[in-house]
Amino acid sequence: MNGSQNLCETFSEQLRDVPGTDIWLAPPFIYLPELIKKERLRSFTGIGTQNVHEEVRGAFTGEVSADMVVEMGAKFAIIGHSERRTKYLENDTIVNRKLKSCLDANLIPVLCVGESIEQRQKGNAATVVQLQLSSLKGLLETLSAEKFVVAYEPIWAIGTGISASPSDAEDMHVKIRSYLGDEGTQLRILYGGSVNPNNAKELINQPNIDGFLVGGASLDVSSFNAICQLVGGV
C-alpha cells in the first residue's frame with residue numbers, strides 16, 4: 001500500500017529497459033490501469049498485481065478477482081506473500097485456491113514461500129517450504145513450468161533490512177528445485193527479502209537464483225534500475 005500516481009509517472013519516464021531481462025511491475029490495484037496505459041512501459045515490462053481473491057465472483061466486498069485483473073491487462077499476480085499469510089491469516093488452503101484461480105484466468109501466479117525465524121531456528125525451514133509448494137508440485141505433473149514463478153522470501157528478511165546470505169538463499173533454492181523434481185529445473189525461482197543494489201550482485205551470481213521479488217527498493221526508480229541492471233549483467 002505504497003506509491004502514487006506521481007510514482008507511476010516517474011516509472012514511466014525513468015525506468016530503463018535491460019535487454020535479456022524480464023522486468024515486471026506490481027502496483028496496488030488502483031494504479032494497474034495507470035501503468036498499463038503507458039505505452040513506453042508496455043514495450044518492455046509486464047504489469048501484474050500484488051494479490052487476487054480466490055473466488056471468481058461473488059459477495060466479497062472490496063476484493064478483486066483474477067478475471068478482473070486479466071481484463072485490465074495484467075500478466076501475473078503475486079500470491080501467498082508473507083504479509084498476506086501473517087497479517088491476513090491466509091493459510092496454504094487459501095493460497096492454493098488462489099493458485100488455481102490464477103491458472104483458470106490465464107494469469108501467471110508468482111507463488112511466494114518462506115519460513116519464519118522460529119521455524120528456521122528449529123531446523124524446519126525446508127519442511128515448511130515444501131508444504132507451501134505441495135500443490136504446485138502436483139500441478140507441475142501436467143502443466144508447463146512456464147506457467148508459474150516461485151519466489152522464496154524468508155519471512156524474517158521481509159522489510160527488516162536483513163537479507164538471507166547468498167549461501168542460505170542458494171541452499172533453499174536448490175532444495176526447492178530438488179523437491180519439485182524434473183520440472184523444477186525449468187522453473188523460475190526468485191529471491192525476495194530486503195533486496196537492494198548493495199546485495200543484488202552477490203545474490204544473482206548464485207546458480208539457482210533466477211531473479212528477485214523486490215520490495216522497498218522498488219519504490220525508488222534509481223534503486224530499481226540498478227537492481228535490474230545487476231540482474232542483466234549491465
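This report describes a sheet, two helices and one buried residue in a predicted model.

## Ground rules

In this predicted model, local features need pLDDT of at least 70 and side-chain atom pairs count only at pLDDT 80 or more, while totals for chains, interfaces and linings use all residues. Residues are numbered from 1 along each chain as its sequence is written, and side-chain values use heavy atoms, with hydrogens and water left out.

## The sheet

Seven strands form an open sheet. Their order is β1-β2-β3-β4-β5-β6-β7, and the pairing is parallel. Strands are DSSP runs of E with at least two residues, and helices are runs of H or I with at least four; both are numbered from the N terminus. Two strands pair if DSSP finds at least two bridges between them.

β1 (23-25) and β7 (211-213) are the edge strands. Each has a single partner strand, so one side of each lacks a neighbour in the sheet. From one strand to the next, the twist averages 35 degrees. Angles run from 0 to 180 degrees between N-to-C directions, with axes fitted to C-alpha atoms, for helices over the stretch in contact.

## A strand pair and two helices

β4 (residues 108-113) and β5 (residues 149-152) run parallel, joined by four bridges. Val113 stands opposite Tyr152 in β5.

Helix α8 (residues 125-139) lies across β4 and β5, at about 160 degrees to β4. Helix α11 (residues 221-231) packs on the sheet and touches β1 and β7. Contact means heavy atoms within 4.5 Å. The direction of α11 makes about 150 degrees with that of β1.

## Ser65

Ser65 sits in the loop between β2 (45-49) and α4 (66-71). Is Ser65 buried or exposed? Ser65 is buried, because its relative accessibility is 5%. Buried means under 20% relative accessible area, exposed over 50%, and partly exposed in between (1.4 Å probe, protein chains only). Leaving aside residues up to four places away in sequence, Ser65 touches Val52, Glu55 and Val56.
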